[in-house]
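Q: Could we go through this structure together, beginning with how the chains meet?

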Number of protein chains: 2
Amino acid sequence: MLRTITAQEIAQMEDFFRRTFVNSLTGFKSVCLVGTQDKEGKTNLAIFSQIIHIGANPPLIGILVRPEKSPRHTLSNIEATRCFTLNHIREEFYQQAHQTSARYPKEISEFDACGFTPVYSSLLPHAPYVQESNIRIGLEFAERINIQLNDTILIIGKIIEVIFPKECLWHDGYLDIEQAGTITSSALDSYHTTKRLARLQYAKPNLPVRELNRL
Amino acid sequence: MLRTITAQEIAQMEDFFRRTFVNSLTGFKSVCLVGTQDKEGKTNLAIFSQIIHIGANPPLIGILVRPEKSPRHTLSNIEATRCFTLNHIREEFYQQAHQTSARYPKEISEFDACGFTPVYSSLLPHAPYVQESNIRIGLEFAERINIQLNDTILIIGKIIEVIFPKECLWHDGYLDIEQAGTITSSALDSYHTTKRLARLQYAKPNLPVRELNRL
């Protein structure tokens with residue numbers, strides 16, 4: 001039985017109900033831990049699920065940051081150091097990853113509070129990676145886009161390096177994030193493992209859909 | 001065994017390899033069929049996996065469109081009619097959904113070519129929904145943001161209505177998209193079902209992580 005909810009009903013929802021409902025609508029989401037630090041080297045770790053592939057050449061990824069009404073440690077750190085890391089989340093530590101969304105004071109690093117280990121790469125000395133994470137992406141700040149409609153901020157980073165389990169890379173460039181243990185999220189607080197149906201070959205008119213297998 | 005790939009190596013990759021590799025990195029993605037039509041009512045249906053929640057109040061969703069080097073029917077239709085639909089994808093028709101990515105000429109509607117049924121709502125008369133889809137979102141065009149870094153275009157829509165199976169809505173606004181059969185994707189051509197680990201309660205410092213169950 002299908003139900004319809006209109007924009008008017010959404011406008012009248014209680015704030016938390018609306019936030020949960022609308023956040024459900026975009027489907028399953030990329031979810032990562034974003035690692036940053038301030039100019040003094042104090043680390044910060046925050047879970048983000050508004051992450052978007054912007055382009056492959058140059059390799060760009062965007063993250064959407066909430067309005068600057070309350071302190072946004074991630075944003076101010078990125079603006080201070082011009083870099084950040086994205087770290088995929090595995091089932092083994094998704095609860096700790098969720099815990100990074102608690103409002104810790106600036107003096108407390110979520111690495112310590114939630115039980116993660118910061119590690120550094122020589123290519124990206126001013127942003128910590130999460131050692132527990134299997135797939136880690138280092139980015140340098142590329143552009144800030146202010147979205148006037150609701151004062152959110154799209155931060156676009158250019159990929160500097162990618163660290164991943166070598167056995168997860170297929171012959172054609174596909175990185176098997178499911179094999180690496182990456183999970184997905186829905187809405188604001190639901191976490192899910194995945195099971196591949198198939199990879200499908202490049203679609204062409206008048207050709208049937210065919211599966212693509214690992215060589 | 002971890003492997004590191006640097007920006008320099010990414011720049012030297014063969015085009016298709018790089019496209020597949022970089023598209024893998026953002027994790028599991030929202031994937032939807034975007035329904036549009038031109039001013040004459042000719043329908044178009046295209047699979048998109050660059051979809052991002054922009055905000056809940058007002059309810060906004062963004063989709064990223066590739067550069068306008070080749071004809072982009074979805075973009076020109078949205079600019080002509082100022083509206084579009086997002087339709088979640090289920091296991092039952094993910095292969096047909098993938099097939100909409102083939103380059104059909106403008107005269108052929110992917111609804112016909114790939115076996116989908118357009119349906120209309122009185123609130124959104126100028127964009128077709130996909131009848132086979134369980135969760136359907138109708139949006140009106142709100143803003144176009146040109147991303148200078150790579151000439152992609154972020155189209156932001158304001159939600160006009162949401163159609164979903166009524167039994168999937170929890171007491172707190174969470175829409176159980178897994179129960180509705182929504183699938184996720186990775187990279188450009190891999191499709192995955194999901195299995196919930198848990199929903200987790202709103203995180204607070206000094207409180208242990210707790211699961212959130214349906215009332």
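A: What follows covers the contact between the chains, the strand pairing and some buried residues.

A: This is a predicted model: local features need pLDDT of at least 70, side-chain atom pairs count only at pLDDT 80 or more, and totals for chains, interfaces and linings use all residues. Residues are numbered from 1 along each chain as its sequence is written, while chains are lettered from A and ligands numbered from 1 in the order in which they are written.

Q: How many residues does the contact take from chain B and from chain A?
A: The contact takes 94 residues from chain B and 94 residues from chain A; two residues are in contact if their C-beta atoms, placed from the backbone, lie within 7 Å.

Q: And what gives the most to the side of chain B?
A: Strand S12 (residues 190-200) of chain B does, with 11 residues on the side that touches chain A. Helices (H or I, at least four residues) and strands (E, at least two) are DSSP runs, numbered from the N terminus.

Q: How do the residues on that side of chain B divide?
A: They divide into 51 nonpolar, 27 polar and 16 charged. Ala, Val, Leu, Ile, Met, Phe, Trp, Tyr, Cys and Pro count as nonpolar, Asp, Glu, Lys and Arg as charged, and the others, Gly among them, as polar.

Q: What turn lays chain B on chain A?
A: A turn of 180°, with a shift of 0.0 Å along the axis, lays chain B on chain A with an RMSD of 0.0 Å. The two copies are thus related as by a two-fold rotation axis. The C-alpha of B:Thr194 is the one in chain B nearest the axis, at 2.1 Å. Copies are superposed by least squares on the C-alpha atoms of residues with pLDDT of at least 70 in both.

Q: Through which surface do the copies meet?
A: They meet through the same surface, because 100% of the interface residues of chain B are also interface residues in chain A.

Q: Which strands pair across the chains?
A: Strand S12 (residues 190-200) of chain A and S12(B) pair in the antiparallel sense over 9 bridges; two strands pair if DSSP finds at least two bridges between them. A:Arg196 has B:His192 in S12(B) as its bridge partner. In addition, strand S10 (residues 152-165) of chain A runs antiparallel to strand S1 (residues 2-6) of chain B, joined by 5 bridges, and A:Phe164 is partnered there by B:Arg3.

Q: What does S12(B) pair with inside chain B?
A: Strand S11 (residues 184-186) of chain B pairs with S12(B) in the antiparallel sense over 3 bridges, and B:His192 is the bridge partner of B:Thr184. Their hairpin has 3 residues between the strands, and B:Ala187 takes a positive phi near 50°. Strand S13 (residues 211-212) of chain B is also antiparallel to S12(B), through 2 bridges, with B:Arg199 opposite B:Leu212.

Q: Changing topic, which residues of helix H2 of chain B are buried?
A: In helix H2 (residues 15-24), they are B:Thr20, B:Phe21, B:Val22, B:Asn23 and B:Ser24. A residue is buried if 20 or more other C-beta atoms lie within 10 Å of its own, exposed if 12 or fewer, and partly exposed in between, with C-beta atoms placed from the backbone.

Q: What covers them?
A: The cover includes strand S4 (51-56) and strand S5 (59-65) of chain A, together with helix H1 (7-12) and S11 of chain B.

Q: Where is B:Thr100 found?
A: B:Thr100 is in the loop between helix H4 (94-99) and helix H5 (110-114) of chain B. B:Thr100 is buried, with 22 other C-beta atoms within 10 Å.
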